[in-house]
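Visitor: Could you zoom in on a single part of this one and walk me through how it sits in the rest?

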Amino acid sequence: MSAAARWRRGWWSGAARRSSPNHGPRPDGAAIELLLLHSISLPPGEYGGDSIERLFTNRLDWAAHPYYATIRGLEVSSHFVIRRDGRALQFVSCERRAWHAGRSSWRGRENCNDFSIGIELEGLEGEPFEDVQYVTLARLVDALARRYPLHAMAGHEHVAPGRKRDPGPGFDWARVRALPATAGWDFPEM
């Protein structure tokens, strides 16, 4: 299958579709230039449940866990989530502006949601990610690089320093820098 055939209106055929309402239009003329990596687990440190999907689709039961009271009413979503078992989920078309970065800046440019694609890795800051997550991430990065004018990759911690810490020190930046699709890309200083 060609790289173009893997996309339909910003949806990648390599991911299970889970539509989130938490998105909006990108500004006119905004080029998609940045891949922005995050980590998430709900509740923190617990993996495998459906809480991330529920959060991103505004169906999370705020009373189901004490931690959820601290994020009550949050309306967020990334474009993609890569689960611990390597499964990829897509919540927002890449043509749309997902609500994943919040107040952010990359290389002096504000509002990273406008020009980025958000990828969440199921995990916790400081803990290592699974090998199979890197395999899926490599496939996704390759597909995205063939489709969009991407030329940079950063973590949430790099675009919102002091406010965010993900994906954190457990993420293997050297591994993604070595991907053929990211050759010549701009990365944060390590």
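**From the whole chain to one strand**

Guide: Starting with charge, the protein chain carries 25 positive and 23 negative side chains, and the centres of the two sets lie 6 Å apart (Lys and Arg count as positive, Asp and Glu as negative, with His and the chain ends left out; each charge is placed at NZ of Lys, CZ of Arg, CG of Asp or CD of Glu). Mind that this is a predicted model, where local features need pLDDT of at least 70 and side-chain atom pairs pLDDT 80 or more, while totals for chains, interfaces and linings use all residues. Numbering runs from 1 along each chain as its sequence is written, and side-chain values use heavy atoms, without hydrogens or water.

The fold comes to four helices and 12 strands (DSSP runs numbered from the N terminus: H or I of at least four residues, E of at least two). Of the 190 residues, 50% are buried, meaning under 20% relative accessible area with a 1.4 Å probe, protein chains only.

Now for the close look: strand 5, residues 34-40, has seven of its seven residues buried. L34, L36, H38 and I40 point one way, L35, L37 and S39 the other, and both groups are buried. Strand 5 runs parallel to strand 11 (residues 116-122), joined by seven bridges, and also parallel to strand 12 (residues 152-155), joined by four; pairing takes at least two DSSP bridges. L35 is a handy spot to see both: its bridge partner is I117 in strand 11 and M153 in strand 12.
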